[in-house]
Amino acid sequence: MSAVQTPRRFRIPQFGAWLGVGPFFLFAVLFLIWPTISLLVGAFQDKDTGGFTFSNLLRLWQPSIQHSYMLSIEISAASALWGAIVGLILALAVLRGGLPDWLRPTLMTFSGVASNFAGVPLAFAFMATLGRLGFVTLLLRKVGIDIYGAGFNLFTFMGLTLTYLYFQIPLMVLVVTPAIDGLKREWNEAAEILGASQFQYWRLIAFPILWPSILGASLLLFANAFGAIATAYALTGSFLNIVPILLYAQIRGDVLHDPNLGYALALGMLLITGLSNLAYLYLRARADRWIK
Amino acid sequence: MSFLTLAGVQKTYGANVVVKDFNLSVERGEFVTFLGPSGCGKTTTLRMIAGFETPTTGEIHINDKDVTHMRANKRAIGMVFQAYALFPNMTVAQNIGFGLKIAGKSTFDIKARVTEMLAMIKLPDLAERYPYQLSGGQQQRVSLARALAPNPQILLLDEPLSALDARIRVSLREEIRSLQRRLGVTTIFVTHDQEEALSMSDRVVVMREGEIDQIGSPTDIYNRPRTKFVASFVGTLNHLQAKIVDAASGEVEIEGHRAFTRSHLNGARPGDVMPMALRPEALRPTDANGDNVISGTVEDAAFHGAVIRVRLRVNEKPLLVDVFNAGEAGAPQPGQTLNVSFRPEDLIALTGE
Amino acid sequence: MNGTKIGAWIAATLGTLYFLAPLIATFEFSLRMRRGEYSFDAYREVFASGDFQASFLYSVVQAVATIVVTTLIVVPTAYFVQLRLPKLRGLVEFITLLPLVIPVIVLVFGYIKLYGSSSILPLTATETGSDALLMFGYVCLGLPYMYRSVETALRSIDVRTLTEAAESQGAGIVTILFRVILPNIRSGILSGAFLTFAIVIGEFTFASLLDRPAFGPYLQLIGASRAYEPSALAIMAFALTWACMGLIMLFGGRTPSAAGKR
């Protein structure tokens, strides 16, 4: 690329460049930024008078809404935790476990597809698998294991978490693979020649290096699950009152028409996903700095 | 009694023979360099000594123990990698102390040893820095300290200077050598840079395509190369086709000039063509004529600082001559006729490959 | 090394089972429509259904419109930022990442508040308005991926030289963009396009809350009322997603991931 700083003689004036990016910014303001800000402002507006108030936020502290947030956080945390653990193990197994080479592109492609295969079709798929007459349910019953008899139910917290894992695990694989690739083989060899066992290498060097990436990816998974709604709606409907479902009902007008409370709910959601993503970006920057 | 022995070592990958029949005995405290172009098998051999690869056949002994199948982490060897390989999540001090920590030494001992090593590599203030905060040269010195801290029985260096700037390379070269001499640790150094090999080593092993071409001291390798490859890989060489006149007296004819050589012309018959070589610095401008003098026209004189490399044209063939820079006045001019002389012992017969 | 390898094989096998099971189960379930034997009846029912055809067509049209609009917005922006306004790069990238951070449902809510029937610009009052609003929402969802692939493609060609060469031939900016730049970043646009397509086809939240007859809400409705057709649809959805990914790999060479359809 050119490094010379002499003024270029473009026929397109600088003004033209600004005009060129205009539509993008216009679009962003109209359909991304303003709607969001308007919601945030609305969260602080009184329903009737339109004046500034904290009452909407305070009303978030009702038991039912608190319960919703707790439920959302629990499902998101559970699916993020297990998604992270399983995703990490899977990625390590395929990338560094000494398995055949063709497994890696297969895993990557599949993860790309599976992380996209969510929402309503995923709910259907899991119903066909672990529903009362599902394939796996019946298979297990033939072997003598009755999961529904033992208390399992797909349309519960556990079932939803299990379903979420179908896109959380692939997402983890995709996000954490670059970090694992970044583990130079020389570090392993250097550790070995200095007397370390494989276990010591992983404990003292590889994992500490990977840790910021793992943590960051988990946060990404958490934010991802927190905002998810289509899968939940299709699977458990309003049975599991997670925050997105609550919001959905608010918007639909299924509940007492109280939009300002809805705005407050949205603000809460945005805060949680926003902070998680920020933390993810920070951790990724730190990890990158080490592995220059 | 040799400290490190490689006997009949061979490494094959499938149908590909990467190292063929490698035999070497290294004395304790010796500095040996594996020199050769990319792909000649020098790094693979080094890695077999380290334990990262296992020989397909052959044996490796260190201090009388058969280590051929011993795991790398049990061999008490120190290694410096081309890409430094410092652990990015640890400080300089932690990196250097890593080997000792694995060995279970006390914190007090580790701290003392780390301080000692930092002083040795002359970076006493960098203990708490992280690798990404260091320059390439500093990282490599820390890497050296890390390898030496646990007092290894052998030190291996895999092209450690290739990734560094020219100036740092030269100073680090000297530092490595002086450190090695001081500690007396048996060292194997791998490089493709013949200047490094010649200036640092006690002995050089020149390798090509998995085989050893020659083992010898730097002067041996340079002045008495046994094969054409060794001669041309190490230093610059003028290749000449000489016609044998009399093998017994060493008389040959080069481009119409009579010359004598001290090299053995073993049974060559008069009229045979023998490839021979002359180093540019062995040719001296002279006013005389006669035996061991070649006459030619100056085509070009390239200024290399302390030396001027003159390209002489002799019967349409080039001949490189190095003359000392004696100021502007003494430099040969293009078009000028120049006679150069050489000693019989400088005319090398390339009897090998 | 051997212990690690065994562990790796176990992990890979278990992973494969977990991910294949729902696919096999769904496929098996979708074949159960006819009592007592396997058949493709469920698929036949689906394809024959007028609702299916209508909603699928609707979503396809929306997808194509989204891709066109996104391309028209993204390509000039990425081009000018790279060529003349490098200082804006951080801001633009931040904006393109917003749809990944803002939950879809929050975004829809914002749309309804701003463009709902009781606001200044009541887009939702008319069907066309709602359709347009939905499309703009889809553009947001596809923006991160489209921008990233276009930007990467732009970086791999020498934008400066191409522009100067075209200018010296007397080309105006529109010509440059459409006749010179666009053809050269075709692979990047196609990558982004296929991913956008996959996202739009299966999208539920936006379409449902804006009350539009898209494929996503149709899927959900079928799930609530029919037994076997949902499984057939799920298999078709998966096959479609896989096809899109395959085409992306063909044209782009990487496998991106998507959020927002959840």
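In this predicted model, chain B contains an open sheet of 5 strands, which follow one another in the order β15-β19-β16-β17-β18 with antiparallel pairing. Because β15 (284–286) and β18 (317–324) of chain B stand at the edges and each has a single partner strand, one side of each is left without a neighbour in the sheet. On average, and with direction ignored, neighbouring strands of this sheet are turned by 50 degrees against each other. The edge strand β18(B) is joined by 8 bridges to β17 (residues 307–314) of chain B, the two running antiparallel, and within this pairing Val314(B) has Lys317(B) in β18(B) as its bridge partner.

Chain B also meets chain A, with 18 residues of chain B in contact with 19 residues of chain A. On the chain B side, the elements that give two or more residues are β6 (77–80) and α2 (92–102), and the largest share, 3 residues, comes from α2(B). By class, this side of chain B has 15 nonpolar and 3 polar residues, and no charged ones.

The largest nonpolar core has 271 residues, of which Met172(A), Ala266(A), Leu156(B), Val108(C) and Val150(C) touch the most other members. Helix α6 (residues 127–156) of chain C gives the most to this core, with 15 residues. Domain 1 (4–232) and domain 2 (236–349) of chain B both give residues to the core, so it lies between them. For one of its members, Val108(C), the contacts beyond neighbours within four places in sequence are Ile251(A) in chain A and, in chain C, Gly137(C), Thr205(C), Phe206(C), Leu209(C) and Leu210(C).

Notes
Residues numbered from 1 in each chain as written. Chains lettered and ligands numbered in written order. Predicted model: local features only at pLDDT ≥ 70, side-chain atom pairs only at ≥ 80, totals over all residues. Core = buried A, V, L, I, M, F, W, Y, C linked by C-beta atoms within 7 Å. Buried ≥ 20, exposed ≤ 12 C-beta atoms within 10 Å, placed from the backbone. Helix = DSSP H or I, 4+ residues; strand = E, 2+ residues; numbered from the N terminus. Domains from an automatic or database assignment. Contact = placed C-beta atoms within 7 Å. Pairing = 2+ DSSP bridges. Axes fitted to C-alpha atoms, helices over the stretch in contact; angles between N-to-C directions. Nonpolar A, V, L, I, M, F, W, Y, C, P; charged D, E, K, R; others polar.
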